[in-house]
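Biologist: Could you walk me through this one? I would like to hear how you reason from the coordinates.

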Amino acid sequence: ASYPGNILLHVDCPFMEVVRRVGGRMAYLATPYTKAVLNDDLQWDRGLSFDIEVRTARWSRAFAIEGVTVASPIVMSCAICHADVEGYLDPLDDAFWSRWCQPMLSACGAVVIPAMDGWDVSRGVWREACWALLHNVPVYLVAEGSEFGGAA
């Protein structure tokens with residue numbers, strides 16, 4: 001697929017095309033979290049949080065293998081929350097985590113949204129994508145089925 005250079009939003013972009021287009025820039029990996037880590041009682045679930053951390057880390061790994069550096073606030077914040085045995089941090093504190101993520105988002109030259117379950121209903125993913133577009137930062141939505149170079 002060919003994408004004109006002046007378009008900022010790239011939908012259904014094959015994984016390897018994202019790799020090519022992001023190139024040497026650091027990319028922000030925007031992935032769902034909050035809704036994915038709520039149990040049936042709508043409470044934060046450590047096991048679900050570990051699951052989303054691993055699934056997100058696999059995307060980070062896939063990009064790393066292809067030579068692309070991605071900043072994954074979910075991988076980092078999950079590790080922080082899982083290590084917070086004192087219970088100081090609230091994993092679901094949207095305002096806190098949004099402020100914490102912003103410097104990473106501001107430092108990146110692209111936003112990448114992997115085709116993970118829940119990306120389309122994630123308030124955080126949409127907020128980050130909208131911020132990027134408002135600041136002329138390209139956003140790439142990875143096409144479903146093209147993850148990890150087609151070797152899912």
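The questions below go from the whole chain to one helix.

Modeller: Happy to, and please keep in mind that this is a predicted model.

Biologist: In which order do the elements of the chain run from the N terminus on?

Modeller: There are five helices and five strands to place. Read from the N terminus on, their order is β-α-β-α-β-α-α-β-α-β.

Biologist: What radius of gyration does the chain have, and why does it agree with a compact globule?

Modeller: The chain has 152 residues, and for that number a compact globule would come out near 15 Å. The C-alpha trace spans about 50 × 35 × 25 Å along its principal axes. The chain agrees with the globule value because its own radius of gyration is 15 Å.

Biologist: How far apart do the centres of the positive and negative side chains lie?

Modeller: Good one for a chemist! The chain carries 18 negative side chains and 11 positive ones. Taking the centre of each set, the separation is 7 Å.

Biologist: Why do the buried residues of α3 line one face of the helix?

Modeller: Helix α3 covers residues 73-83, and its buried residues are Pro73, Ile74, Ser77, Cys78, Cys81 and His82. Looking down the axis of α3, these residues line one face because they fall within an arc of 150 degrees.

Biologist: Which elements do those buried residues of α3 pack against?

Modeller: Buried here means under 20% relative accessible area, and 41% of the 152 residues in the chain are buried. For α3, the packing partners of the buried residues are β2 (27-29), α2 (46-65), β3 (70-71) and α4 (94-107).

Conventions
Residues are numbered from 1 along each chain as its sequence is written. This is a predicted model: local features need pLDDT of at least 70, side-chain atom pairs count only at pLDDT 80 or more; totals for chains, interfaces and linings use all residues. Side-chain values use heavy atoms; hydrogens and water are left out. Helices (H or I, at least four residues) and strands (E, at least two) are DSSP runs, numbered from the N terminus. The radius of gyration is taken over C-alpha atoms; the globule rule is 2.2 Å times the number of residues to the power 0.38. Buried means under 20% relative accessible area, exposed over 50%, partly exposed in between (1.4 Å probe, protein chains only). Lys and Arg count as positive and Asp and Glu as negative; His and the chain ends are not counted. The place of a charge is taken as NZ of Lys, CZ of Arg, CG of Asp or CD of Glu. The arc is that of the directions from the helix axis to the C-beta atoms. Contact means heavy atoms within 4.5 Å.
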